[in-house]
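Biologist: I am new to this one, and I would like to learn how to read it. Could you walk me through it, one feature at a time?

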Amino acid sequence: MTGTASGSTSIVIRLEIAKDLVSFGQIATAIGDAGGDVVAIDVAQSSKAKTIRDITVHITDHQQTDVVVSAVSKLPGIQVKHVSDQTFLVHLGGKIETVPKMPIKNRDDLSRVYTPGVARVCMAIYEDPKKAYSLTIKRNTVAVVSDGSAVLGLGNIGPEAAMPVMEGKAMLFKQMANVDAFPICLGTQDTEEIIRIVKALAPTFGGINLEDISSPRCFEIEQRLIEELDIPVFHDDQHGTAVVLLAGLLNAVKVVKKELSRCKIVVCGIGAAGIACTKMLLASGAVNIIGVDREGAIVRGDMYSNPAWQWYADNTNPDRLRGTLSEVISGADIFIGLSGPKVLSVADVKKMAQDPIVFAMANPTPEIAPEEAEPYVRVMATGRSDYPNQINNVLCFPGLFRGVLDCRASRITEEMKLAAASAIASVVSEEELNEYYIIPSVFNQMVVEKVREAVISAAYQSGVARRNKGWEPAKEAAVLTANGGLA
């Protein structure tokens with residue numbers, strides 16, 4: 001699916017203003033009439049006759065920039081000197097950088113971090129490769145890998161255009177969970193070549209986060225890498241979405257006093273995320289799931305050329321319902337949208353069971369506008385930050401990778417993902433839980449730690465954790481010191 005990015009942002013307009021011809025009140029009115037909202041004013045330069053001001057204007061869509069600038073330009077005594085988009089400004093030169101942990105101030109420092117001292121560390125790792133976890137960045141570093149084939153809602157825009165997204169992901173890893181992540185955008189979309197490249201890069205990293213790789217190639221790439229590497233591999237578009245979706249649903253069914261196992265669930269959009277969400281729901285006890293794509297319901301017993309859809313047909317739709325979304329949604333307790341804008345109508349929602357739950361997660365435009373659905377829906381969630389109940393992968397991947405790195409898990413199991421979902425849901429207390437608060441904010445500081453603890457516990461139970469229980473950084477440092485730095 002391709003589309004156009006949108007969303008609220010801010011612009012800075014630098015104006016040269018002739019004081020005797022126009023007032024600031026007139027300027028503010030023109031901006032307001034054009035749909036902008038003045039949020040800051042700075043004087044850059046001033047004289048008796050003229051003033052130069054930087055006016056920060058909030059707009060709802062980047063296409064509104066021209067409308068606002070045109071309205072201001074028509075005023076007498078106004079010269080527009082420059083227009084800056086603050087979203088572009090924060091991307092200048094990229095959003096991340098590499099910094100050393102210690103300064104190199106003299107020859108002694110240089111000899112320790114580089115030659116000749118570093119040779120001793122190299123040989124220690126050569127003799128015992130596991131020491132790479134304690135003596136290099138491997139222990140805390142994740143590769144964020146994309147081929148640019150399915151970026152956000154923009155489609156196949158290529159590796160260079162995918163870089164800003166992957167840089168942003170790296171920022172979130174660091175700020176949320178103190179994980180050092182680095183964007184790796186590949187100039188190939190060949191499945192075998194991607195697998196070879198990631199395997200070749202793996203010695204540097206403690207984990208691999210696959211991102212924005214199109215379906216169905218993403219399934220084979222992830223599965224092969226899981227099988228052929230000894231570090232965790234996680235396709236966030238699939239499993240991050242599934243984890244957070246399940247977290248929201250665990251709380252949503254509490255609000256409406258229903259059991260997940262007894263709910264009729266319709267999933268619209270059977271791509272990578274839709275299949276992963278369905279697998280999570282099945283693992284959580286859901287039974288009656290009907291998947292719908294452009295061609296209608298996927299029906300048990302039918303044959304499909306797409307292997308992923310064949311799996312879906314074999315494991316869902318126990319009543320073998322056929323038809324369009326509007327036909328199969330009748331009596332559904334839950335709608336899950338992972339498709340495109342405006343595919344769900346008010347008439348469809350009215351056909352659902354009492355107290356329906358609607359998760360319309362297409363971004364930036366959901367399957368149904370919350371304003372349209374609100375009179376008929378008990379619990380509504382979207383993928384957007386400007387509505388309640390945002391289903392956002394940021395709730396999952398920082399804490400999940402913090403946990404797998406800390407226990408040195410060799411892979412991420414279904415039990416670990418289910419534990420992460422329960423942990424996210426648990427951040428919302430019984431006293432807080434209501435229709436408009438089923439999922440915590442991405443800025444809730446409890447989320448990362450709760451997810452981390454749950455993932456580590458599940459990793460030990462699953463037998464994939466490779467670090468001894470009770471490990472602490474101070475203990476490792478003491479062992480290194482006692483053994484001349486060669487523990």
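Biologist: Let's start with one residue: which residues does phenylalanine 359 touch, leaving out those up to four places away in sequence?

Modeller: Keep in mind that this is a predicted model. In it, phenylalanine 359 touches Leu245, Gly248, Leu249, Ala252, Phe335, Ile336, Gly337, Ala381, Ile391 and Ile438.

Biologist: How should I read a nonpolar core, and which residues of the largest one touch the most other members?

Modeller: The general idea is that in soluble globular proteins, nonpolar side chains tend to be buried together. Here the largest nonpolar core has 106 residues, and those touching the most other members are Ile208, Ile265, Ile336, Phe359 and Ile424. Helix H10, residues 236–255, supplies the largest share of this core, with 10 residues. There is also a second, separate core of 19 residues, with Val266, Cys268, Ile368 and Ala373 among them.

Biologist: Ile424 was on your list. Where is isoleucine 424 placed, and is it buried or exposed?

Modeller: Isoleucine 424 lies in helix H17, which spans residues 414–426. Its relative accessible area is 0%, so isoleucine 424 is buried. Apart from neighbours within four places in sequence, isoleucine 424 is in contact with Val243, Val244, Ala247, Leu395, Cys396, Ile439, Pro440, Val447 and Val451.

Biologist: Cys396 is one of those contacts. How many disulfides are found in the whole structure?

Modeller: The search gives 0 disulfides. To read this, compare sulfur distances with the cut-off of 2.5 Å. For cysteine 396, the closest cysteine sulfur is in cysteine 277, 11 Å away, so the pair is too far for a bond. Cysteine 396 itself counts as buried because its relative accessibility is 0%.

Biologist: And why does cysteine 185 form no such bond?

Modeller: Its closest cysteine sulfur belongs to cysteine 218 and is 16 Å away, which is too far for a bond.

Biologist: Now the sheet. In what order do the 6 strands run?

Modeller: In general, strands of a sheet pair through backbone hydrogen bonds, either parallel or antiparallel. In this case, the order is S11-S10-S9-S12-S13-S14, the sheet is open, and the pairing is mixed.

Biologist: Which strands are at the edges?

Modeller: Strand S11 (296–297) and strand S14 (379–382) are the edge strands, and each pairs on one side only. Strand S11 pairs with strand S10, residues 288–293, in the antiparallel sense over 2 bridges.

Biologist: Which residue stands opposite glycine 296 in S11?

Modeller: Look for aspartate 293, which stands opposite that glycine.

Note on methods. Residues numbered from 1 in each chain as written. Predicted model: local features only at pLDDT ≥ 70, side-chain atom pairs only at ≥ 80, totals over all residues. Heavy atoms only, no water. Core = buried A, V, L, I, M, F, W, Y, C linked by side-chain atoms within 4.5 Å. Buried < 20%, exposed > 50% of the residue type's maximum accessible area, 1.4 Å probe, protein only. Helix = DSSP H or I, 4+ residues; strand = E, 2+ residues; numbered from the N terminus. Contact = heavy atoms within 4.5 Å. Pairing = 2+ DSSP bridges.
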